[in-house]
Structure formats: C-alpha cells, structure tokens
Amino acid sequence: MNKQEFLAKLSKKKGSTITEADKWLKSVFETIGEAIQETDELRFIGFGTFKVTVSKARDVKTPKGEIVHVPAKRVVRFAVGSELKSKAESKK
C-alpha cells in the first residue's frame, strides 16, 4: 500500500476528504519528529517506540579496499509494539 492508498482508506474511515487526511498525516509525522528531537524517545503503548540512538564514529572498508572514516550520527530506531506485531502476524 502506498501513501495515496493509505490516505484514501483513512479518509473513508473518518468520513473526510483525502486532502484533510493528508493534512492530519503530515501533522502527525511533523509532531513525531519534533517529539523525538526534544526527548529522544516516543512511546505508543501497543503500537511501538521511536528511539534516537547515537552510532559511534568508526572506520570502514569500502568495496574498493579503501578505509573511510564514518562520523558519529544520531539514528532513529523503531521497535514494534505488541498489538501491531500481533496484527502483522495474523494477516487476513
């Protein structure tokens, strides 16, 4: 399912237009981004947890055999919650 199909399904479920559903979705994504920027973790019980971790700086070998330095960076991870996991396991 792509974004447009998801928005159509969401708008049908909420009895609104696809444009309104798109605004809601953008707002949710923007708010999630702001929340993990402020607190490094966002939990939705049953759905999952967004968590920011820091990957260490390291030297890696490229396919050409060169050694390249990769700097440390912040990475967002997502751990699936129990309710979402059970829905994925019980596909209709």
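**Helix contacts, salt bridges and exposed residues**

Leaving out residues up to four places away in sequence, S11 touches S16, T17, I18 and A21, where contact means heavy atoms within 4.5 Å. The structure is a predicted model, so local features need pLDDT of at least 70 and side-chain atom pairs count only at pLDDT 80 or more, while totals for chains, interfaces and linings use all residues. Residues are numbered from 1 along each chain as its sequence is written, and side-chain values use heavy atoms, with hydrogens and water left out.

S11 belongs to helix α1; helices (H or I, at least four residues) and strands (E, at least two) are DSSP runs, numbered from the N terminus. With a relative accessibility of 6%, S11 counts as buried. The cut-offs here are under 20% relative accessible area for buried, over 50% for exposed, and in between for partly exposed, using a 1.4 Å probe and protein chains only.

How far apart are the end C-alpha atoms of helix α1? Helix α1 covers residues 3-14, and its 12 residues, at 1.5 Å a residue, should span 16 Å; the end C-alpha atoms are indeed 16 Å apart, so the two values agree. The expected span is 1.5 Å times one less than the number of residues in the helix. At the start of α1, a side-chain oxygen of N2 comes to within 3.1 Å of the backbone nitrogen of Q4. Just after α1 comes G15, with a positive phi near 65 degrees.

F6 also lies in helix α1. Unlike the buried S11, F6 counts as partly exposed, at 36% relative accessibility. Setting aside neighbours within four places in sequence, F6 is in contact with M1 and L25. F6 and A21 are 15 residues apart along the chain, and their C-alpha atoms are separated by 9.4 Å.

The next topic is charge. Side chains of opposite charge can pair when their charged atoms come close. A search of the whole structure finds 5 salt bridges, each being a side-chain nitrogen of Lys or Arg within 4 Å of a carboxyl oxygen of Asp or Glu. One of them joins the side chains of D22 and K3, at 3.4 Å from N to O. This pair links distant parts of the chain, with D22 in helix α2 and K3 in helix α1, 19 residues apart. Helix α2 covers residues 18-39. Are the partners buried or exposed? D22 counts as buried at 19% relative accessibility, whereas K3 counts as partly exposed at 43%. Leaving aside neighbours within four places in sequence, D22 is in contact with K3 and also with L7.

A salt bridge also forms between R74 and D40, whose closest N and O atoms are 2.9 Å apart. This pair, too, links distant parts of the chain: R74 is in strand β5 and D40 in the loop between α2 and β1, 34 residues apart. D40 is partly exposed, with a relative accessible area of 31%. Its phi is positive, about 70 degrees, although D40 is not a glycine. For comparison, most residues other than glycine have a negative phi.

R43 and E41 form a salt bridge as well, with 2.9 Å between the closest N and O atoms. R43 counts as exposed at 57% relative accessibility, while E41 is partly exposed at 27%. Elsewhere, salt bridges that share partners join K3, D22 and K26 into one network.

Which residues make a nonpolar surface patch? F44, F47, F78 and V80 together make one of about 350 Å². Patches are made of residues with over 30% relative accessible area and no salt bridge; like charges are joined within 9 Å, and nonpolar side chains (Val, Leu, Ile, Met, Phe, Trp, Tyr) within 5 Å. Accessible areas come from the Shrake-Rupley method with a 1.4 Å probe, and for residues only the protein chains shown count as cover. F78 sits in strand β5, residues 73-80, and is partly exposed at 35% relative accessible area.

Finally, D59 lies in strand β3, residues 58-61, and is exposed, with a relative accessible area of 56%. Apart from neighbours within four places in sequence, D59 is in contact with I67, V68 and H69. The side chains of D59 and H69 are joined by a polar contact of 3.0 Å. A polar contact is a pair of N or O atoms within 3.5 Å; within protein, one must be able to donate a hydrogen and the other to accept it, and residues adjacent in sequence count only if both atoms are side-chain atoms. D59 and S27, 32 residues apart in sequence, are 38 Å apart in space, C-alpha to C-alpha.
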